[in-house]
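Here are my notes on this model, point by point. Please read them with the structure open.

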Amino acid sequence: MKPPLRVLTHEDLEVAFRSSARGLRAITSRVEEDEADLAQDACLKLVETANREPIAAPTHLLYRLARNLVIDRLRSRALTTRLFRAEAIDEQHTCLAADPERALLVNERLRRALMVIEDMPSRRREAFLMHRIDGFTYLEIAREMGVSIKAVEKHISAAMLELIRKMPNDEFEK
């Protein structure tokens with residue numbers, strides 16, 4: 001028989017946070033430099049969820065939220081790396097700056113990326129630039145923009161997808 005669902009109190013949430021600190025660290029440790037942010041984001045999501053609906057197993061939900069945030073962050077990093085990856089230095093070219101064709105291709109790709117970013121809806125562009133250029137966490141962006149963390153995730157995800165779709169593959173990718 002399932003345990004009855006009830007609205008969690010602040011004490012229930014505190015117990016869940018304290019009892020799961022080690023487990024949260026284990027889950028978020030896969031994302032170097034963002035462990036604390038992801039753990040905090042998971043805790044905030046748990047609080048938001050608890051305010052909306054009853055939760056039967058808060059610790060289990062907290063771990064699931066953390067795992068999902070880690071997966072999202074790793075996917076985002078992989079996507080960013082693919083989109084803006086630095087080409088491996090060719091053994092025969094000791095100085096990439098000396099290759100004017102390559103410099104032209106890099107500048108053209110950057111110009112196209114900036115055009116795509118400029119054409120984004122303002123809130124999407126704002127969230128994307130705050131995260132990718134200014135280095136803000138999702139939580140900081142959410143507070144600054146006055147939206148939920150989920151909204152920030154959606155803005156940044158949509159921005160990345162838009163860049164991928166509108167940035168054609170070209171000889172620079174090879």
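1. The largest pocket is lined by D72, R75, S76, L79, Y138, K150, E153, K154, I156, S157, M160 and L161. Its volume is about 280 Å³. Keep in mind that this is a predicted model.

2. Which elements each supply at least two residues of that lining? They are α4 (58–83) and α8 (149–166). The largest share, 7 residues, comes from α8. By class, the lining of the largest pocket holds 5 nonpolar, 2 polar and 5 charged residues.

3. The second largest pocket encloses about 240 Å³. Its lining counts 13 residues, and the closest to the pocket centre are K45, T49, R52, L65 and K150. Two or more lining residues come from each of α3 (35–52), α4 and α8. Here α4 gives the largest share, with 5 residues. The class split for the second largest pocket is 4 nonpolar, 3 polar and 6 charged. K150 deserves a look in both places: it lines the largest pocket, and it is among the residues closest to the centre of the second largest one.

4. Does α3 come out straight or bent by its end-to-end span? I would check the length first. With 18 residues at 1.5 Å a residue, α3 should span 26 Å, and its end C-alpha atoms are 26 Å apart, so the two values agree.

5. The buried residues of α3 are L38, A39, D41, A42, C43, K45, L46, T49 and A50. Note that D41 and K45 are on that list. An α-helix has 3.6 residues a turn, so residues three or four places apart point the same way. The buried residues of α3 pack against α1 (10–19), α2 (21–28), α4, α7 (138–145) and α8. Two of the buried residues, K45 and T49, are also among those closest to the centre of the second largest pocket.

6. The largest nonpolar core has 21 residues. Those touching the most other members are M120, F128, I141, V152, I156, M160 and L163. Two or more core residues come from each of α4, α5 (100–118), α6 (122–132), α7 and α8. The largest share, 6 residues, is from α8. I156 and M160 belong to this core and also line the largest pocket.

7. What does V152 contact beyond its neighbours within four places in sequence? The partners are Y138, I141, A142 and V147. Of these, I141 is itself among the core residues that touch the most other members.

8. A second, separate core has 17 residues. L13, L24, L38 and L65 are included. L38 is one of the buried residues of α3, and L65 is among the residues closest to the centre of the second largest pocket.

How values were computed
Residues are numbered from 1 along each chain as its sequence is written. This is a predicted model: local features need pLDDT of at least 70, side-chain atom pairs count only at pLDDT 80 or more; totals for chains, interfaces and linings use all residues. Side-chain values use heavy atoms; hydrogens and water are left out. On a 1 Å grid over the protein atoms alone, a cavity is a set of points where a 1.4 Å probe fits but cannot get out, and a pocket is an open set with protein on both sides within 12 Å along at least five of seven lines; lining residues have an atom within 4 Å of a point. Grid points are joined across faces, edges and corners, and a volume is the space filled by probe spheres set on the points. Helices (H or I, at least four residues) and strands (E, at least two) are DSSP runs, numbered from the N terminus. Ala, Val, Leu, Ile, Met, Phe, Trp, Tyr, Cys and Pro count as nonpolar, Asp, Glu, Lys and Arg as charged, and the others, Gly among them, as polar. The expected span of a helix is 1.5 Å times one less than its number of residues. Buried means under 20% relative accessible area, exposed over 50%, partly exposed in between (1.4 Å probe, protein chains only). Contact means heavy atoms within 4.5 Å. A nonpolar core is a set of buried Ala, Val, Leu, Ile, Met, Phe, Trp, Tyr and Cys residues joined through side-chain atoms within 4.5 Å.
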